[in-house]
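Okay, thanks for making time, everyone. Let me put the sequence and the structure up, and then I'll talk you through a few parts of it.

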Amino acid sequence: MADETLARSFETIGEDYDRYRPGFPEEAASAIIPVAVDTALDLGAGSGKFTALLVPRARRTFAVEPSERMLQVLRTNLPGVDAMIGTAERIPVGDASTDVVTVAQAFHWFDREAASAEIARVLVPGGTLGLVWNHSDPACNWDRACHRIAHPAVGEQDATTDSADSELPGFALIRREVLRWSEHISRSHYLRRWATVSSLLVADGPDRERMLGEIEAVLDQDEETRGRAQLELPQVTDVFVYRRI
């Protein structure tokens, strides 16, 4: 299935994405912006889950996102943010106009070469790029089993961070952080979260119901989740911090 189809699947679910997807730890934003800056831009901002962490760290915060429905949610939640329609390959701000660009849970959807060049264009000389991903903790057997159901083409190792490495065009990697944290989540919220992932969004009705049923079966059978209305979900957040060359 084309990556573009999967990426565009999020454009219809702004409210559900905001409600059911996990947020990000404060430490992720602090790793990228340890000291307050004048301007920060969140690229592929979605409903603003990571954008919210930038607001207290920048005098002015921009959010760029291709989905108007996502931006409607972001504007409601963060009315002080300058929210604009745009893509990673065509960012609607001027040259050297921002101190920091962040991309949370989205860089793997971009055209890597074109996006890197465009991000470099909008950053001031020596500006910072921060790439962030949440993913499942490999030590959590029940969550990993659910991932295998929803993402059968993905191996045991989550490859979404493969687009981030020390050879990112125009940038030098200066810091890498792996943050481990835990989320207290209800079983019903966890199930609804799976309904917001790209593979289920693009699946036809029977396939979607089958996958959700198999995920429920995992929760019913695993000793850590069986019969529990509230779950303790380990999370891992990868942070890559780059300096514009």
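So, the largest nonpolar core in this predicted model. It has 25 residues, and the members touching the most other members are L43, V101, V103, I119, L129 and L131. Which elements give two or more residues to this core? On the strand side we have strand 1 (37–43), strand 2 (58–65), strand 4 (98–104), strand 5 (123–136) and strand 7 (230–244), and then there's helix 6 (112–122).

Take V103 as a way in. Leaving out residues up to four places away in sequence, V103 touches D42 and L43, then F110, and then the run of L129, G130, L131 and V132. There's also another core, lying apart from that one, with 20 residues. Among them are A145, A150, I185 and V218.

Some of those names come back when we look at the helix packing, so let's go there. Start with helix 7, residues 141–150, against helix 10. Their axes come within 9 Å and cross at roughly 165°. Anything over 145 degrees counts as roughly antiparallel, so that's what helix 7 and helix 10 are to each other. The crossing of these two is right-handed. On the helix 7 side, the residues in contact are W142, A145, C146, I149 and A150, and helix 10 answers with M211, E214, I215, V218 and L219. How does that contact divide into nonpolar, polar and charged? It's nine nonpolar, no polar and one charged.

Now the other partner. Helix 8, residues 187–194, has its axis come within 10 Å of that of helix 10, residues 205–221, and here the crossing angle is roughly 150°. Helix 8 and helix 10 are therefore roughly antiparallel as well, and helix 8 passes helix 10 in a right-handed crossing. From helix 8 you get R187, Y190, L191 and W194, and they meet L212, I215, E216, L219 and D220 in helix 10. This contact splits into six nonpolar, no polar and three charged residues. If you're following on the screen, find I215 and L219: they're in the helix 10 list for helix 8, and they're in the list for helix 7 too.

Next, a couple of backbone oddities. A96 isn't a glycine, but it has a positive phi of about 50°. Where does A96 lie? In the loop between strand 3 (82–85) and strand 4. Its relative accessibility is 39%, so A96 counts as partly exposed. Then there's Q105, also not a glycine, with a positive phi near 65°. You'll find Q105 in the loop between strand 4 and helix 6. Is Q105 buried or partly exposed? Partly exposed, because its relative accessible area is 21%, and buried means under 20%.

Last stop is another glutamine, Q235, which sits in strand 7. Q235 has a relative accessible area of 6%, so this one is buried. What does Q235 touch, if we skip residues up to four places away in sequence? P22, N134 and H135, then the stretch L179, R180, W181, S182 and E183, and also R193. And one pair to look at in space: Q235 and C140 are 95 residues apart in sequence, yet C-alpha to C-alpha they're 9.0 Å apart.

That's my tour, so over to you for questions.

Technical notes: Residues are numbered from 1 along each chain as its sequence is written. This is a predicted model: local features need pLDDT of at least 70, side-chain atom pairs count only at pLDDT 80 or more; totals for chains, interfaces and linings use all residues. Side-chain values use heavy atoms; hydrogens and water are left out. Axes are lines fitted to C-alpha atoms, for helices over the stretch in contact, and angles run from 0 to 180 degrees between N-to-C directions. Helices (H or I, at least four residues) and strands (E, at least two) are DSSP runs, numbered from the N terminus. Angles under 35 degrees count as roughly parallel, over 145 as roughly antiparallel, 65 to 115 as roughly perpendicular and the rest as oblique. A crossing is left-handed if the near helix is turned anticlockwise from the far one by less than a right angle, and right-handed if clockwise. Contact means heavy atoms within 4.5 Å. Ala, Val, Leu, Ile, Met, Phe, Trp, Tyr, Cys and Pro count as nonpolar, Asp, Glu, Lys and Arg as charged, and the others, Gly among them, as polar. A nonpolar core is a set of buried Ala, Val, Leu, Ile, Met, Phe, Trp, Tyr and Cys residues joined through side-chain atoms within 4.5 Å. Buried means under 20% relative accessible area, exposed over 50%, partly exposed in between (1.4 Å probe, protein chains only).
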